[in-house]
2 protein chains.
Amino acid sequence: MDNSYRKYIEAQAKIFKALGHPARLLMVDALRSGEKCVCELQSLTGLDMSTVSKHLSLLREAGVVSSEKRGTSIYYRIALCCLDSFLACSSEMIKCRVLQECSMIQNCP
Amino acid sequence: MDNSYRKYIEAQAKIFKALGHPARLLMVDALRSGEKCVCELQSLTGLDMSTVSKHLSLLREAGVVSSEKRGTSIYYRIALCCLDSFLACSSEMIKCRVLQECSMIQNCP
DNA sequence: TTGTTATTTGGTAAATAAGCAAAATATATG
DNA sequence: CATATATTTTGCTTATTTACCAAATAACAA
């Protein structure tokens, strides 16, 4: 297998991995409505400040979010523009599966 | 926090988590060109058959792929339609970051 | 200087995931 | 029916991830 292809797959996997944790996805989902400082994300998740900081640096390294310091706080925002349409689309799939499990429909589109 | 929202976040995270592993993403990427049987995915990854099977059931449970038995083989295909445009978009971001690291450009869009 | 906000480091404990090997489960086909 | 083929399941070991705490560090505002 081509080496640059392997690197590409690993970079993509890194993005997915970063998003594949409830606390991190919760924070990212909150950022969809606009930038937030770390303290806001901490009270949202209820985690230790150092834990939140670690999660955020992981998201930043993967390219999912970016940060900017203004005044005494650091503000995070979504950097991966494609995320919004993906979440909208996959949430349709999730809704559909719930309805299927409840036997309210037979097939998902 | 709302309980149904928590379930939604967990289902979304499950999708990302499933995609956040190089071997699984490699298989999913191969499925973009059309369905494949497990044996083809095994020779692609070079992993043990039982390991491939586990990876595939994880992807299926998350709703990323679906499977169908035909003849003696089981064929897997992509079930999450939104994946294609997301991969196309995020690969642009990845390319851009590589160029940035090589100092060939200053800023990513 | 002192307080605030956030990051980093180091250490520990618990939970989860990865991988292989062997057993089990279909399901074709002779 | 017997046997070969394709895939899944189970059991096990090892590796990775996660959370938390505490302490050190950094940047900056008042």
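In this predicted model, helix α4 of chain A, which spans residues 49-62, lies across β2 and β3 of chain A and runs at about 120° to β2(A). The sheet beneath this description is an open one of three strands in chain A, arranged in the order β1-β3-β2 with antiparallel pairing. Because β1 (36-37) and β2 (65-70) of chain A stand at the edges and each has a single partner strand, one side of each is left without a neighbour in the sheet. The pairing of β1(A) with β3(A), the strand of residues 73-78, is antiparallel and runs over two bridges; C37(A) has Y75(A) in β3(A) as its bridge partner.

Attention can now turn to DNA strand C, which has 21 residues around it, and of these Y76(A), K17(B), H21(B), K54(B) and H55(B) come nearest. Of the strand C atoms within 4 Å of the protein, 64% belong to sugar or phosphate, while the rest belong to bases. Among the polar contacts, an N or O atom in the side chain of T72(A) is 3.2 Å from a sugar or linking oxygen of DNA strand C. From chain B, a polar side-chain atom of R24(B) lies 3.3 Å from a phosphate oxygen of the DNA strand, and a polar backbone atom of G71(B) is 3.4 Å from a phosphate oxygen of DNA strand C. The elements that give two or more residues to this surface are α3 (38-45), α4 and β3 of chain A, together with α4 (49-62) of chain B. In composition, the residues of the surface near DNA strand C divide into six nonpolar, nine polar and six charged.

Terms used. Residues are numbered from 1 along each chain as its sequence is written. Chains are lettered from A and ligands numbered from 1 in the order in which they are written. This is a predicted model: local features need pLDDT of at least 70, side-chain atom pairs count only at pLDDT 80 or more; totals for chains, interfaces and linings use all residues. Side-chain values use heavy atoms; hydrogens and water are left out. Two strands pair if DSSP finds at least two bridges between them. Helices (H or I, at least four residues) and strands (E, at least two) are DSSP runs, numbered from the N terminus. Contact means heavy atoms within 4.5 Å. Axes are lines fitted to C-alpha atoms, for helices over the stretch in contact, and angles run from 0 to 180 degrees between N-to-C directions. A residue is near a molecule or strand if one of its heavy atoms lies within 4 Å of it. A polar contact is a pair of N or O atoms within 3.5 Å; within protein, one must be able to donate a hydrogen and the other to accept it, and residues adjacent in sequence count only if both atoms are side-chain atoms. Ala, Val, Leu, Ile, Met, Phe, Trp, Tyr, Cys and Pro count as nonpolar, Asp, Glu, Lys and Arg as charged, and the others, Gly among them, as polar.
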